[in-house]
Amino acid sequence: AKSNDKAMAKVAKAKWADLPRIAATLHKQSKEAQKFEKSKEKLQGLSVDRLKALLKLNDQSRAGNKAVILAKAADGDAFGKLPRCPRCFGGKIKFRLPGSDGTLH
């Protein structure tokens, strides 16, 4: 609900010319969220060990509690494997869940 409030605040401050771009961005975010949630529902019945096995196959971090591991696996299922660092091509990009205020910790 808070992210929707932030989005609506952006729309309220926007110029009329910006509204089509903002609407397209909100629509894309909504579709991505739906895809992520669908993947999460699909994988929810798997055990932690099975979810970790999926993450290992995709060379992803297996740290965290079941909710975090499920989110990582659902993200991978919905959007594909996280790539290596685009600067050094060796480091791993970290998956982070936003806090209630939308910031990454």
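Helices here are DSSP runs of H or I with at least four residues, numbered from the N terminus. Helix 4 is followed by Gly80, whose phi is positive, near 95°. The model is predicted, and the text below describes its fold, its core, the loop that leads into helix 4, and its salt bridges.

**Fold and confidence**

The protein chain contains 4 helices and 0 strands, arranged along the sequence as α-α-α-α. Its mean pLDDT is 78, with 64% of the residues at 70 or more. Confidence varies by element: helix 1 (residues 2–13) has the lowest mean pLDDT, 64, and helix 3 the highest, 94. Of the 105 residues of the chain, 16% count as buried. Among contacts with a separation of 6 or more, 34% are between residues 24 or more positions apart.

**The nonpolar core**

The largest nonpolar core is made of 9 residues: Phe36, Leu43, Leu51, Leu55, Ile69, Leu70, Ala71, Ala73 and Ala74. At least two of these residues come from each of helix 2 (19–43), helix 3 and helix 4. Helix 4 gives the most, with 5 residues. In soluble globular proteins, nonpolar side chains tend to be buried together.

Leu51 illustrates how the core is joined. Leaving out residues up to four places away in sequence, Leu51 touches Leu43, Leu46, Lys66, Ile69, Leu70 and Ala73. Of these partners, Leu43, Ile69, Leu70 and Ala73 are also listed in the core.

**Helix 4**

Helix 4 covers residues 66–79. At 1.5 Å a residue, its 14 residues should span 20 Å, and the end C-alpha atoms are 20 Å apart, so the expected and modelled spans agree. The buried residues of helix 4 are Ile69, Leu70, Ala71, Lys72, Ala73, Ala74, Asp75 and Ala78. This list includes Lys72 and Asp75, neither of which appears in the nonpolar core.

**The loop between helix 3 and helix 4**

Asp59, Gln60 and Asn65 are described here in turn. Asp59 lies in this loop and has a positive phi near 55°, in a residue other than glycine. Asp59 counts as partly exposed because its relative accessibility is 29%, between the limits of 20% and 50%.

Gln60 is found in the same loop, between helix 3 (48–57) and helix 4. With a relative accessibility of 12%, Gln60 counts as buried, the cut-off being under 20%. Beyond its neighbours within four places in sequence, Gln60 is in contact with Leu55, Lys81 and Leu82. Leu55 is itself one of the core residues.

Asn65 also has its place in the loop between helix 3 and helix 4. It is partly exposed, with a relative accessible area of 48%. At the start of helix 4, a side-chain oxygen of Asn65 reaches to within 3.1 Å of the backbone nitrogen of Ala67. The Asn65 side chain also reaches the backbone nitrogen of Val68, at 3.0 Å. Asn65 and Val48 are 17 residues apart along the chain, and their C-alpha atoms are separated by 8.6 Å.

**Salt bridges**

How many salt bridges does the model contain? The count comes to 2, and the pairs are tabulated here.

| Acidic residue | Basic residue | Closest N and O atoms |
|---|---|---|
| Glu37 | Lys40 | 4.0 Å |
| Asp77 | Lys42 | 3.0 Å |

Asp77 lies in helix 4 and Lys42 in helix 2, so this pair ties together parts that are 35 residues apart in sequence. Asp77 is partly exposed, with a relative accessible area of 36%, whereas Lys42 is exposed, at 56%.

The other pair lies within helix 2, where Lys40 and Glu37 are 3 residues apart and therefore separated by about one helical turn. An α-helix has 3.6 residues a turn, so residues three or four places apart point the same way. Lys40 counts as partly exposed at 27% relative accessibility, and Glu37 counts as partly exposed at 36%.

Key
Residues numbered from 1 in each chain as written. Predicted model: local features only at pLDDT ≥ 70, side-chain atom pairs only at ≥ 80, totals over all residues. Heavy atoms only, no water. Helix = DSSP H or I, 4+ residues; strand = E, 2+ residues; numbered from the N terminus. Buried < 20%, exposed > 50% of the residue type's maximum accessible area, 1.4 Å probe, protein only. Contact = heavy atoms within 4.5 Å. Core = buried A, V, L, I, M, F, W, Y, C linked by side-chain atoms within 4.5 Å. Expected span 1.5 Å × (residues − 1). Polar contact = N/O pair within 3.5 Å; in protein donor to acceptor, adjacent residues only side chain to side chain. pLDDT = per-residue confidence, 0-100. Salt bridge = Lys/Arg side-chain N within 4 Å of Asp/Glu carboxyl O.
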